[in-house]
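Please keep the sequence and the model side by side while reading. The paragraphs that follow go from single residues to strands, helices and the surroundings of the ligand.

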Amino acid sequence: MLAPLQATTRHYVMCTPKYFTVAYSINPWMDPGTPVDADLAMAQWEALKRTYERLGHVVEVVEPQPGLPDMVFAANSATVIDDRVLGARFRAPQRAAEAEHFRRWFVTRGYRNLVMPSRINEAEGDFAWTGRVLLAGSGFRTDPEAHAEAQEVLGVPVVSLRLVDPRYYHLDTALFVLERGERAQIAYFPEAFSAGSRRVLERMFPDAVIAEQADAACLGLNGVSDGRHVVLPLEATGLAAQLAGCGYEPILLDVSELRKSGGGPKCCTMELHA
Ligand code: ARG
């Protein structure tokens, strides 16, 4: 019998998918020709938010803006560790204006240690905080130079990882943190990474949960864990079974509409790391 894992209360920032649609294509998941059910997207997002609240987490909501359909993917707009905020700088011009809306939100909330990056940096899309190191992806969106910038601004050690498959264009489509701290634990899909990055992950996380192709292909690695409960896309049943075997409690949610933009639970969830 496994000892139950301990959840810790989290502080999340989300953005309502009021203007969500797939109007352009900046990743292989996005096809502007495929219709998006806006009402269903809203219902799926609300179910995600309600799930966090039911688990006792705090969720704050940023006001969405017309003309910014991807603003629902709040994870891309800042990296926050303690009282330090590193803003975002998007690769695609279609998303560029999102960064400023989030910057203003942090200013209004009283954050003073706020830096806007000089390098392209899609925030938690490519940065994953283990409580000890910041795992940082590059290859498709975030510039490798942004990794050094994140280390300097946030004052945490950064480990650079290279993504090699365009379907897994952000680190958070291929890897997520299950448990933070001394015994940090992750789940990831090795094929999304370069050979060298795979070796780095094997060294750092010899006991990691290794995801199968089918679970990666439904964006199953875009999960959110509070150390015990793990929110995953509905189709990631293999990964859910693996996690249950390790003592986690998977919670499967339908995110079909958000996935049409290449998103999932984590993309919609920025964490204010305390
Ligand atoms: N359509 C968005 C984009 O391509 C999806 C972003 C998903 N966010 C994430 N953290 N992976 O930029």
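How many C-beta neighbours inside 10 Å does Lys18 have, and does Lys18 count as buried or partly exposed? In this predicted model, Lys18 has 16 C-beta neighbours inside 10 Å, and because a residue is called buried only from 20 upwards and exposed only at 12 or fewer, Lys18 counts as partly exposed. Lys18 belongs to the loop that runs between S1 and helix H1, the latter spanning 38-54. Between the C-alpha atoms of Lys18 and Ala96, which are 78 residues apart along the chain, the separation is 18 Å.

The strand before that loop, S1 (residues 11-15), pairs with strand S15 (residues 270-273) in the antiparallel sense, over 2 bridges. Within this pairing, Val13 has Met270 of S15 standing opposite. S15 is also joined to S3, again by 2 bridges, but here the two strands run parallel, and Val80 has Leu272 in S15 as its bridge partner. As general background, strands of a sheet pair through backbone hydrogen bonds, in either the parallel or the antiparallel sense.

Helix H2, residues 98-108, is a suitable next stop, with Glu98, Ala99, Phe102 and Phe106 as its buried residues. These residues cover an arc of only 95 degrees around the axis, and therefore they lie on the same side of H2. An α-helix has 3.6 residues a turn, so residues three or four places apart point the same way. On the other side of H2 the exposed residues are Arg104, Val107 and Thr108. The cover over the buried residues of H2 includes strand S2 (58-62), strand S3 (78-81), strand S4 (84-87) and strand S5 (113-115). Just after H2, Gly110 adopts a positive phi of about 90 degrees.

One of the strands that cover H2 is S5, and Val115 lies in this strand. Val115 has 15 C-beta neighbours inside 10 Å and therefore counts as partly exposed. When its neighbours within four places in sequence are left aside, Val115 is in contact with Leu86, Gly87 and Val153. Val115 and Val153 are 38 residues apart along the chain, yet their C-alpha atoms are separated by 7.2 Å.

Further along the chain, S7 and strand S8 (residues 158-162) pair in the parallel sense over 5 bridges. The chain passes from S7 through H3 to S8, making a β-α-β crossover that is right-handed. Between these two strands, Ser138 stands opposite Arg162 in S8. Pro144 sits in the loop that links strand S7 (134-138) with helix H3 (145-154). With 14 C-beta neighbours inside 10 Å, Pro144 is counted as partly exposed. Leaving aside neighbours within four places in sequence, the contacts of Pro144 are with Ser138 and Ser160. The C-alpha atoms of Pro144 and Ser160 are 7.5 Å apart, although 16 residues separate the two along the chain.

Two open sheets can then be followed in turn. One is an open sheet of 3 strands in the order S9-S10-S11, with mixed pairing. Its edge strands are strand S9 (175-179) and strand S11 (209-210), each of which pairs on one side only. S9 and strand S10 (residues 185-188) pair in the antiparallel sense over 4 bridges, and Phe176 has Ala187 in S10 as its bridge partner.

Another open sheet has 3 strands in the order S12-S13-S14, and its pairing is likewise described as mixed. Here the edge strands are strand S12 (224-225) and strand S14 (249-253), each pairing on one side only. Strand S13 (residues 229-233) pairs with S14 in the parallel sense over 5 bridges, and His229 stands opposite Glu249 in S14.

Last comes the ligand, around which there are 16 residues, and of these Phe73, Gly125, His170, Ser261 and Cys267 come nearest. What classes of residue make up the shell around the ligand? The shell is made up of 5 nonpolar, 8 polar and 3 charged residues.

Conventions:
Residues numbered from 1 in each chain as written. Predicted model: local features only at pLDDT ≥ 70, side-chain atom pairs only at ≥ 80, totals over all residues. Contact = placed C-beta atoms within 7 Å. Near = placed C-beta within 6 Å. Nonpolar A, V, L, I, M, F, W, Y, C, P; charged D, E, K, R; others polar. Pairing = 2+ DSSP bridges. Right-handed = clockwise from strand over helix to strand, strands pointing away. Arc of directions from axis to C-beta.
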